[in-house]
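Open the structure in your viewer and keep the selection panel at hand, since each stop on this tour begins with something to select. Take the stops in order, and turn the view at each one before moving on.

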Amino acid sequence: MKELINKLSKDFNITDAVYQRPSLTFVTVPKGVAISLVTDLRDYEGYSHFVMMSCVDWIEEGKFQLLYLLHNPETKTDIGVKTFIDRENAEMASAHHLWKQVWTYQRELKEAFGIDFPGSPRVDEDFVVEGWVEMPHMRRDFDTKEYSENTYFPRPGRETNDPATYMRKKLYPNEPITAKKQDNDK
Amino acid sequence: MINKFLGFEPDKEKLPSLTAKIGDDIDLSSHKYQKIWLGPNHPGVTGNMSVELWVQGNTVVKAKTHVGYLHRGFEKLIERRLFVQGFPTSIRMCVAEPDTNEYLIATCTEQLSGYDKAVPEMAKWLRMLSLEMARLQGLLRGVPGQGGTFALGLGVQWGVYLRDLILDRFEELTGARVYHMYIIPGGVRGLLPDGFKERMEDNLRDIDDFIIRIRRLMFHNSVFKKRAKGLAIVTPEMVDKYGIVGTTARGCGVKRDVRKDDPYLHYEQLDFDPPTDTDGDVYARTWVRWQELIQTVDLIRQIMAKMPDKGDIKTPMPNVLHWKIPKGETYVRLESGRGEYGMYYVTDGSDKPRRVNLRGPSYTHAIALLEDLLVGADVADVHGIMVSLQTCPPEIER
Amino acid sequence: MSEKDMNDKVNEMLQRSETNVKKAEKTFIHPEDEEREVVAPDGSIIKINPIYDYFSNEKPTEEKPCSGVIEKFLNWARAESIWVLGFGTGCGSIEIPPLVTPRFDMFRFGVQMRPTPRQSNAFIISGYLSVKTLKRVIRTYEQMPSPKYILALGSCTINGGMYYDSYSTINRLDKYIPVDVYIAGCMPRPEALLAGFMKLKELIKEGKGEKANEYARNFDEYKANQKKIIKDWNMPDYNW
Amino acid sequence: MPFTAWSKVVKEPVTIKDPLNREAAPRYRGFHDNDVDECIGCGTCEAICENEAIDLVPVDGIETKDGDSGLRPKIDYGRCCWCALCVDICTTNSLRLTNEYKWIDTDPDNFRFVPGVDKKDWYDKKDGWRKPEPNYEFYGLKRVEMGELHPEERDDSFIEMIQGYSKEQAEAEADRCVECGICTATCPAHMGIPEYIKAIRNDDLEEGLRILYDTNPLPEICGRICTHKCETVCTMGHKGDPISIRWLKRYIADQNPSEKYKKILETDKLTKNGKKVAIIGSGPAGLSAAYYLSLLGYDIEIFEKLAEAGGMMRFGIPEYRLPYDQIDKDVNYILSLGVKIHYNTTIGKDITLEKLNEDFDAVFAGTGLHLGRSTRIEGTEHKHVYQSIELLRKITEGEEIHVPEKIVVIGGGNVAMDITRSLARLQKIKYGKVQVTATSLETEEKMPADREEVVEAREEGCVVNPGWSPQRIEIVDGKIKGLHVVQCLSLFDETGNFNPQCNMKNENFFEADMVVESIGQGMDLSYISEPTKEHLEMGPRGRIKVNDYFQTSVGWLFMGGDTIQGPDVIHGIANGHKAAVGIDNFLTKK
């Protein structure tokens, strides 16, 4: 695996390589290089099986991490090509011409994260949700619990007690306690 | 204009077409074509999905898969749950073979936290047993189910009964019929109950009998042969192009099996050879799965013979309530009854995963591949093709 | 926080709420459902409005039960021939095949599956319902002839179940369609499902299976609840 | 029908005859049952439930008491997914799932119940899911071993024997906590135990120190010698070892250097309110009151009879358990807040109580129990019969004490163990061998001393021989020969009064050159002079009556510590804290 990465880094600007398992490596490349690296891996290195495409929302850094995971059926190894794109107006070059199923992934990512893939077929169609008007649902800042509570109204009538607070109320309501707990009570 | 605005129609100038050429210039107002929907509440559909079909007479000229009827947002929900809370949620990602999900989420967390070497031997064998039993119950539904789609309902009656016997064994072992919630990070949740192996052996003998009967019933049946032969042919060239895996790939002669290629658990200690066929049509795929049925029964026997009698079932781990996993990412795969089934798992050092992404074989089979295979097929064969690709909608939309 | 920051934040919030309102007002009409002119096979041009032309837009009406012995007889007949629609909406549908096959054999209890809503009078909501499916469920339910019964399986239909925090699935089924029988479990076993059918039979025989009338009575309320969450409402209000 | 199917015609049908009454598998995860008497309402099931299906609710007939919150889980079957994580994690093994699976109802609001309390017809089912075996736990049941000096290394010196946790050990031990908070109610000072354990897990020891000082200004001391009542109720103790709460507290205090205390606790600048409070005695109660009062802005002056601060903590507890530099660390921090201390000042002799009342706005007395009690058996007047408390003080002060070759200690409490082990060390230094016998009325199981104290005493070569009632000290020619004892059968009579019953026939004799009595201490109230004493109301058992805020009937005089509650350090600290609140209320209202 290491030889391959060394070989690739001559041609491609590989900024980071993580050897997760002997058979699985993640490499990071700049946004512009990703598609050409994926093409190169497919055409010349035998990584012909497209396993999956995924996205991770690193909201703290304002980045989306895109992953193209490729498998080499000959050497039985996997390589994950990672690239970071801006969260604002996220856009990535489409890879639908490389494998037939890629457009499905891109369509899903468009809906779930709001990443645009110009030129990818049916990329604007609804995929799993219908008539969605909120922010893309897989983004980290979308609070699914809050949305669910405001939209689908859980059955009322439930209340719970924290054992420590309840015991204090019952057993020693007037004793001095830690400042933090007093804040919590308010 | 509004079509373009709402995105129902892609800009044809800009992009090359992927769907079949014929599909793009379908003018419904010409009255030569008709549009019909198959699903979501069609009894022939595997699970809850729909296919929008443009037909000319009986022939499909264009197809579009619509999914999302079973969308629950698992990947979002798991991001809100502790690592140990992941398995009850993940198992529901695919109801046909639930154990695969448990195994994946457990293995991902173990690999990232460094406990993968610490999983006890006994737990590994029990994991294998439960995975193979899950494959067996899936096949018992799937193989005769293929006949069912071609109006051969009798096999289904037999198969579902035998599957129920396997579910009874699951109930004994794991405490539940369908959602077993048995494989947890660090191990499994119980040893074999007393007398399990004997009862299992009884069931396997029934299944042996069934395997022979179903061969006579389906594969020697002229109606089934006539309908399944030459239907929806997948060629070896298509395998990499579409990302085809599992029995669908093996059905056209491309021998890919994660259990052999990248052995996990103790599969390297078992003696088996993934079955293949060369035709690549519905008949060949079903035939491969029938052979796999024999093989799975054999594997379960091998596992039960080789597994130790006693042992630890779980490795000691940190308190699950505060378990944190350092930042990292991994991809773990296994061979499910439908093919390569994998999970991409990202952690960020907190007590909850950052991202969990499931890669199910149906994701590629039921959308990109199915839409192309359906073109030219008879309307009556549509769900036969769907079943032969082992479509499982919940794993597409999660 | 400085005053400027505060103002910025307030403005931002205002803008966000405005766009949210705009987003919510945006209606979704699929191209096939648009009002349009089409050429008929004979060459004449006709105007169609698919949503309203193809379906009845009448509200459902309450049907008073017959009286005395006749109603009792009818209820007995209804109870002994429960025809279930073959629409698996969630995980629970995996337990339907064991029921229709020899092992559990629900035919002996007078229960059988039907492929179309027009022939069925019972609907098994087998677990969670995503909003997308709920829309189809409502449409299917309305197509079923009265009297009709709903069995709700599992935690999900009662209070959201394990998807209580999901943006995609509803929490309480009874807000959208009336439910006759709830069966606890995740998912319930076939035996529990059979027991649910027994309970339903009991209810029908006692004359309590009147949920279709309840739906008609509280139609506006149910419709309002349904429309609140189904953003893509490209169907008539009542379609059967 | 295909012809091949006809071969099944003669087979027995596979249909289940009565599917409505079919029993599920013995391990089936059906509906919940809870043994409400075992359950302590810790809420761990609520914490692990990924569906938020479990609520903790008060239940009729179950009292809130130490170690039991009085709450019981209520389960929402509109949420439950029957994963049984709640069963697997249950800290008392009270929760289980039966193999019942049928519950059909027309009202969705009915699917909520308190297992074991609400009537359901499946509780008598024996089968169902229980926590899997073997070695299947979601948390560590074994305590992280504390490093101790080996008996051979420690038995001839007074260096500290408990070494303290390293970072990894402390984090591993803190990891076992399930954050239920049951312990907080039992701790006399109501320390935020789960909170500071969480701070250890997060490696945020400054936050941990802040939490400690919220309720306890002597963490170094408490971290070593606290009676850790919290550990007796710890949820983890039901299935395994309780969390070492005391050692974790010590870990936080040890890891924070004293120079940083002021910065961490934000006590650089305290605003004074101009009022003055006098504190008598610099024991835990006095120091605690001084700390919290000075946080509130009071000027504090402490009057201490002895030459160093710390009271019983310094003079009653041997150095190998509580090193003096650790006392100094805690005391010096409190003194650094501007608290003045007058050493060698005895109230009633050097300055009267009334004078304090004139000079100060209020007075807090935490004078403690410094008078040793005697068994008053024959021979106790002998000059080599000592009181343990006196000897301990002398050892601390560095005074030479009489250490003969054979010693008997009477008493089974912690103080008795302290003096036994101290004398053993002195013997080891002087003679190179140990010959100390400790005996007590209580039997081995009922000895009030901490278990580990007894074990460690034995490791160091002391003989602990409990269950004997002392009868007389044999004195021949003015020299002690030994102690006659008889077997003690029971301590209390039916009414619960102290009334030891002995088996006079079973006698024993412990040889000794010296006898030490360690059967408890009494208080010395001689400093309270007549005019004040007249107004002072007394409560039962010779104790002084105080209100909730430790205010005596005199008004300006507050009392706390061992004289009122205890005797132990943590009660003293809690008393001091609460008295500080009381004094503040008293003075702000005045």
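**Chain C**

Begin by selecting chain C, which has nine helices and seven strands, and bear in mind throughout that you are looking at a predicted model. Of the 240 residues in chain C, 46% are buried. If you consider the contacts in chain C between residues at least 6 apart in sequence, 80% of them join residues at least 24 apart.

**Where chain C meets chain A**

Now show chain A as well, and look for the place where 19 residues of chain C are in contact with 14 residues of chain A. On the side of chain C that touches chain A, helix H1 (3-25) and helix H5 (131-143) of chain C each supply at least two residues. If you colour that side of chain C by class, you will find seven nonpolar, five polar and seven charged residues.

**Where chain A meets chain B**

Keep chain A on display and add chain B; their contact takes 37 residues from chain A and 36 residues from chain B. On the side of chain A that touches chain B, the elements that give two or more residues include strand E2 (24-28), strand E3 (49-58) and strand E4 (63-72), and also helix H3 (102-113) and helix H4 (144-152), of chain A. Which element gives the largest share of this side of chain A? That share, six residues, comes from E3(A). By class, this side of chain A has 16 nonpolar, 13 polar and eight charged residues.

**Two helices of chain B**

Hide chain A and select H6(B), residues 121-149, together with helix H13 (residues 282-306) of chain B, and you will see that their axes come within 9 Å and cross at roughly 150 degrees. Angles over 145 degrees count as roughly antiparallel, and H6(B) and H13(B) are therefore roughly antiparallel to each other. The crossing in which H6(B) passes H13(B) is left-handed. To see side chains in this contact, display B:Trp125, B:Met128, B:Leu129 and B:Leu136, which are among the residues supplied by H6(B), and then B:Trp290, B:Leu293, B:Val297 and B:Ile300, which are among those supplied by H13(B). The residues of this contact divide into 13 nonpolar, four polar and four charged.

**The largest nonpolar core**

Show every chain again and turn to the largest nonpolar core, which has 395 residues; B:Ile385, C:Leu151, D:Cys86 and D:Phe364 are among those with the most contacts inside it. The largest share of this core, 13 residues, comes from H6(B), the helix you have just visited. In soluble globular proteins, nonpolar side chains tend to be buried together. For a close look at one member, centre on B:Ile385 and, leaving aside its neighbours within four places in sequence, pick out its contacts with B:Leu231, B:Ala232, B:Val282, B:Leu370, B:Leu373, B:Leu374 and B:Ala377.

**Chain D as a whole**

Next select chain D, whose secondary structure comes to 20 helices and 21 strands. Along its principal axes, the C-alpha trace of chain D spans about 115 × 65 × 50 Å. Buried residues make up 52% of the 590 residues in this chain.

**Helices within chain D**

Select helix H6 (residues 193-201) of chain D, which is largely enclosed by the rest of the structure, because eight of its nine residues are buried. Among those buried residues of H6(D) are D:Ile193, D:Tyr196 and D:Ile200, and also D:Glu195 and D:Arg201. Just after H6(D), stop at D:Asp203, which takes a positive phi of about 55 degrees.

Continue to helix H7 (residues 205-215) and helix H10 (residues 245-255) of chain D, which pack at an angle of about 115 degrees with their axes 9 Å apart. H7(D) and H10(D) are therefore roughly perpendicular to each other, and their crossing is left-handed. Here D:Leu205, D:Gly208, D:Leu209 and D:Leu212 in H7(D) meet D:Lys249, D:Ile252, D:Ala253 and D:Gln255 in H10(D).

**Last stop: D:Asp418**

Finally, centre the view on D:Asp418, which lies in helix H17 (residues 414-431) of chain D. Is D:Asp418 buried or exposed? D:Asp418 is buried, because 28 other C-beta atoms lie within 10 Å. Not counting residues up to four places away in sequence, D:Asp418 touches D:Ile317, D:Pro318 and D:Leu392. As a last check with the distance tool, compare D:Asp418 with D:Glu319, which is 99 residues apart from it along the chain, although their C-alpha atoms are separated by 9.7 Å.

Terms used:
Residues numbered from 1 in each chain as written. Chains lettered and ligands numbered in written order. Predicted model: local features only at pLDDT ≥ 70, side-chain atom pairs only at ≥ 80, totals over all residues. Core = buried A, V, L, I, M, F, W, Y, C linked by C-beta atoms within 7 Å. Buried ≥ 20, exposed ≤ 12 C-beta atoms within 10 Å, placed from the backbone. Helix = DSSP H or I, 4+ residues; strand = E, 2+ residues; numbered from the N terminus. Contact = placed C-beta atoms within 7 Å. Nonpolar A, V, L, I, M, F, W, Y, C, P; charged D, E, K, R; others polar. Axes fitted to C-alpha atoms, helices over the stretch in contact; angles between N-to-C directions. Parallel < 35°, antiparallel > 145°, perpendicular 65-115°, else oblique. Left-handed = near helix turned anticlockwise from the far one by under 90°.
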